[in-house]
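Trainee: I've got a model open and a pile of labels I don't quite trust. Can we go through what earns each of them?

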Amino acid sequence: YKPQQRISTLRPADIQTIGIQTADASLGLRRDAQGWLIEAPIRWPANSINIERLLSIVNNETDSRLPADEIDLAKLGLQFPEAVLTLNETQLLFGATNNIGERRYLMTGSTVFLLPDIHLPLFSQGLTGIVDRRLLPLRYRLNKLKLSELEISRNADDSWQVIGTEGFESDQISNLLKNWQELDASKIKPYDTGKMPRQKLVARLEDGSSYEFFVMSIDPEIVIANPLTGLQYHFPANLYYQLIALRHNETPG
């Protein structure tokens, strides 16, 4: 009997850089004071929950381990691995799955382990699996949002107003801005550049930079594309007045 041992001496909190190499994608991430940032192929915040799940791989313990020089790596899919995960300087190679119990061969250093196959699915989809699911994550301080007919601007006291127009409830305005920064998309897909956008939205940040977004569809779901990330974000259609338009007050009379 081999006692269980951790597959790595790394601790998740000590990991500062992540490299992901799959057949379809090559991604680089770096930790900073505000969390995880994707640096390549785009610069954009990462989905911190998925990243923390991914980093938990180093805490895995297993009694299934073999020296790499005693086995045929090609048979275990490790000669040409499905993916290579680099945590700081440590490389983890993902091989084939084992037929028993949904486990995957993983090699680090000169040792092969057999682990539950829960980590590769987190990043095997490339960017869509590890990017932040919010339209404009909170690390970007939003100052103005231009919808099709309206422009919403941040006041000095951090409240919001629609420039030059009356008749909108402040709660609805602040809720829409909050959704832009805090609401997770139900799914994320690569941006379908073959379709014509319905309208353009522009977000201006406190530092003076601005980002364009395109509304691709409002029914059967709202799809908003970010050409910078090359991704489109999907939301339920009933969020129309919480994401891309404001409803005028219904005044009785």
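**What earns each label**

Mentor: Sure, and keep in mind that this is a predicted model. Let's start with Ile 15, which sits in the loop between β1 (5-6) and β2 (17-22).

Trainee: Why is Ile 15 called buried?

Mentor: Buried means under 20% relative accessible area. Ile 15 has 0% relative accessibility, so it counts as buried.

Trainee: What is Ile 15 in contact with, leaving aside its neighbours within four places in sequence?

Mentor: Contact means heavy atoms within 4.5 Å. By that rule Ile 15 is in contact with Leu 10, Arg 31, Trp 36, Leu 55, Val 58, Leu 87 and Asn 88.

Trainee: And how far is Ile 15 from Asp 171?

Mentor: C-alpha to C-alpha, the two are 41 Å apart in space, with their places 156 residues apart in sequence.

Trainee: Asn 88 turned up among those contacts. What makes Asn 88 partly exposed?

Mentor: The partly exposed class runs between the buried cut-off of 20% and the exposed cut-off of 50%. Asn 88 has a relative accessible area of 21%, so partly exposed is the label. Asn 88 lies in the loop between β8 (83-87) and β9 (90-98). Its phi is near 55 degrees, a positive value in a residue other than glycine.

Trainee: Which class does Asp 158 fall into, and why?

Mentor: Asp 158 has a relative accessible area of 39%, so it is partly exposed. You'll find Asp 158 in the loop between β13 (151-154) and β14 (160-162), and its phi, near 75 degrees, is a positive value in a residue other than glycine.

Trainee: What about the prolines? Which peptide bond leading to Pro 41 is cis?

Mentor: The one from Ala 40 to Pro 41, with omega near 10 degrees. Pro 41 is in the loop between β4 (35-40) and β5 (44-45). The bond from Asp 219 to Pro 220 is cis too, with omega near 10 degrees, and Pro 220 is in the loop between β17 (210-217) and β18 (221-226).

Trainee: Now the core. What makes a set of residues a nonpolar core?

Mentor: The members must be buried residues of the nonpolar kinds, joined through side-chain atoms within 4.5 Å. The largest such core has 64 residues, and Ile 18, Leu 29, Ile 57, Leu 85, Leu 87 and Leu 136 touch the most other members. Helix α4 (residues 170-182) gives the largest share of this core, four residues. There is also a second, separate core of nine residues, including Ala 68, Leu 76, Val 84 and Tyr 105.

Trainee: Which residues does Ile 57 touch, not counting those up to four places away in sequence?

Mentor: Ile 7, Leu 85, Leu 87, Leu 92, Phe 94, Leu 106, Leu 115 and His 119.

Trainee: How do you know how the protein compares with a compact globule?

Mentor: Look at the radius of gyration: a compact globule of 253 residues would have one near 18 Å, but the protein has 23 Å. The C-alpha trace spans about 85 × 35 × 30 Å along its principal axes.

Trainee: And what share of the protein's residues counts as buried?

Mentor: Of the 253 residues, 45% do. For the overall make-up, the protein has five helices and 19 strands. Of its contacts between residues at least 6 apart in sequence, 56% join residues at least 24 apart.

Notes: Residues numbered from 1 in each chain as written. Predicted model: local features only at pLDDT ≥ 70, side-chain atom pairs only at ≥ 80, totals over all residues. Heavy atoms only, no water. Helix = DSSP H or I, 4+ residues; strand = E, 2+ residues; numbered from the N terminus. Rg over C-alpha atoms; globule rule 2.2 N^0.38 Å. Buried < 20%, exposed > 50% of the residue type's maximum accessible area, 1.4 Å probe, protein only.
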